[in-house]
Amino acid sequence: MSSSQPFFASSPISPAAGRRRKSRFTYKHLAQLALSSNTCPLRVIAHIDLDAFYAQCEGVRLCIPEEQPLAVQQWQGLIAINYPARKFGLNRHITITEARKLCPDLIMQHVATWKEGDEKWAYHKDAFAHIATHKVSLDPYRLESRRILACIKDVLPAPPLQRVEKASVDEVFLDLSSQIHSILLERYPEISGPAPYDDPTEFLPRPPTTALDWNTDALVDLDSLETEDDDPDWDDIAILLGSEIVRSVRAAVRERLKYTCSAGIARNKMIAKLGSAHKKPNQQTIVRNRAVQQFMGGFKFTKIRNLGGKLGDEVVNKFGTDQVKELLAAPIEQLKSKLGDDTGTWVYHIIRGEDSSEVNARTQIKSMLSAKSFRPTINTSEQAVRWLRIFVADIQSRLVEEGVLENKRRPKVLSLHHRQGAQMRSRQASIPSGRPIDETLLFDIAKNLLGQIVIDGRAWPCSNLQLSVGGFEDGPTGNRGIGSFLVRGEEAKAMMPSTRDADGYEWGKENDEPDKRRKLDHGAIQHFFSRQESHEEELSDAQNADLEEADSLSPQDTGPAKQDEDESVITLDEMAGRSAGASFHQAPITTYFCDGCGKKFPMAVKEEHEDWHLARELQAKEKSIFSRSDPHRSASSSGSNKKSVVAKGSNGAMQKKMEKGQSRLAFGT
DNA sequence: GTGGATGAG
DNA sequence: CGCTCATCCAC
């Protein structure tokens, strides 16, 4: 909300009749460009947006022709619709039956899902039948997003000339200023020297008057007072270079990875983003500085980022319009008095196309969430605990992808959100540092947080649970070599049957002893988690059926109460430990040492552990699941038999393990 | 630091 | 819609 400006409102040199001798820009402005200064009037920002991203991912993965109408399904809804399908009037918020009616030829591919005990997400036929036991995974799209980002970074020059911000799974901002500065100096030696008299406020000479080739881009019309044959200035040259860079980035993404995207090129992030949405798909739009007024004037201001929600509604109500053009008439004092000083000032500038926000050179995420909405609701702690297992497996596998194993980054905080009716509650806890993160550790903490929420009361029926990690910290130096060495040392320590850390917390054992660091004592937890079997009959038929089906796949991981009639009190730890952990948590009698992990394991899990390594290696060799074609797909996911429950293993060995029900939690490495 | 609200896609 | 991600702010 800086009140720098208004550079573009007036020229330092009167645009009289005929040709100005000098540029409107100075040597100082040119120098600012090299630093990507957010106040530089020559600055060039691009926004790149993948077209119907999830749909494109599935199209690429399954080698579906691009003209084929294709939508991505999530349970009963559609979350992405490709452009051929949009011609049939399909949009989001449409049911799959309506969609099929409008476009009988439509392919609806369901997103990948997980269920309890799965090693990894997988694509399932008839996924909707498993809504009670599975959660969706958007991981395939995150992985593709990562490849595309890597491709973009690869075609751009090395940092700091390159500045890329990942704005979402399918969007990036590029600050092209530095790169363009270097191109300008190279191509136009006349401005590469020092300023005359060493005075940075000297105006630059004008660019050579060659007519610019704006190519095939959608070029936004000029403001009414400008004329098309007006001589170009350096901002025009710069933005045109920006457009050429973006064109080459898009071509690389297209040729190497088969994805189309749309882009906007402008002087700031806000306009670049409006630009990328202007013409889709597979097009790019240049919004020159002198076209900004014309471009902005045609929009509803509710299209501007941050004005799409309650704030936008508030402005509409207080000023009686949703048009940028009409709100321009409101004086800044009125905006400030009605919206507050800060917000009013921000709105005043933003509708004039002024946005000085930086492109943060950031491509890594700051938090990670795994969530599930329950329909119908869940009503018992043990159901919730089972979902925690799935969330933990999901998050752990994504942490592995983030490089947490190599100690590149690690989260500090784990939190659990819970919704009952309209009420949302959450609890969080720190993830102890100094030891590797694994599923057992995360599950242990998550389970404890659930206990806290449950004893606060009013936990059931629960309509939504979300487990997240955040507060990511960078590893020691970002240096992989020394980092992984240290981690291995820590891991070996943590794997010892009974190891206390500096705080006296005992690791390597399940928490069957009181623990001072917990906010709850086990007595309280036991009270609220006892006698779960009395709620069994409250499960819906669908849930019961699916739970039994899942249980039959993994005999040692059955729900607690049913088999143990002799126990009337089930602790959280027992519920947790009964599956994966069972052998893990007992002091092993014989152990073997895994060179790959640099740590000890119970001999009983040797075979499984080595299989797990093998599976991971095979998987790592595959650059992407999307590089494979999968011709055996049918036109829809409905109507198939319910027996296809076993996940596609990543190899035969894994598959066998899963059938035996032995493959549970992955042992942390 | 924690937990809730808002906003985007 | 359901599932993510990010930011802001009162406490």
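Me: Which residues are closest to DNA strand C?
Reply: His93, Lys135, Lys366, Ser373 and Arg398 are the closest, among 19 residues that surround the strand; near means that a heavy atom of the residue lies within 4 Å of it. This is a predicted model, where local features need pLDDT of at least 70, side-chain atom pairs count only at pLDDT 80 or more, and totals for chains, interfaces and linings use all residues. Residues are numbered from 1 along each chain as its sequence is written, chains are lettered from A and ligands numbered from 1 in the order in which they are written, and side-chain values use heavy atoms, leaving out hydrogens and water.

Me: How much of what the protein meets on DNA strand C is sugar and phosphate?
Reply: Sugar and phosphate make up 75% of the strand's atoms that come within 4 Å of the protein.

Me: Which side chains have an N or O atom by a phosphate oxygen there?
Reply: Arg398 has one at 2.6 Å from a phosphate oxygen of DNA strand C. For Lys135, a polar side-chain atom also lies 2.6 Å from a phosphate oxygen.

Me: And what does Leu369 use, backbone or side chain?
Reply: Backbone: an N or O atom of Leu369 is 2.9 Å from a phosphate oxygen of the strand.

Me: Which strand gives the largest share of that surface?
Reply: Strand 14, with eight residues.

Me: New topic: is Ile350 buried or exposed?
Reply: Ile350 counts as buried because its relative accessibility is 3%, and buried means under 20% relative accessible area with a 1.4 Å probe, protein chains only.

Me: What does Ile350 touch?
Reply: Leaving out residues up to four places away in sequence, Ile350 touches Met270, Met296, Ile304, Leu307 and Asp355, where contact means heavy atoms within 4.5 Å.

Note on methods
Polar contact = N/O pair within 3.5 Å; in protein donor to acceptor, adjacent residues only side chain to side chain. Helix = DSSP H or I, 4+ residues; strand = E, 2+ residues; numbered from the N terminus. Buried < 20%, exposed > 50% of the residue type's maximum accessible area, 1.4 Å probe, protein only.
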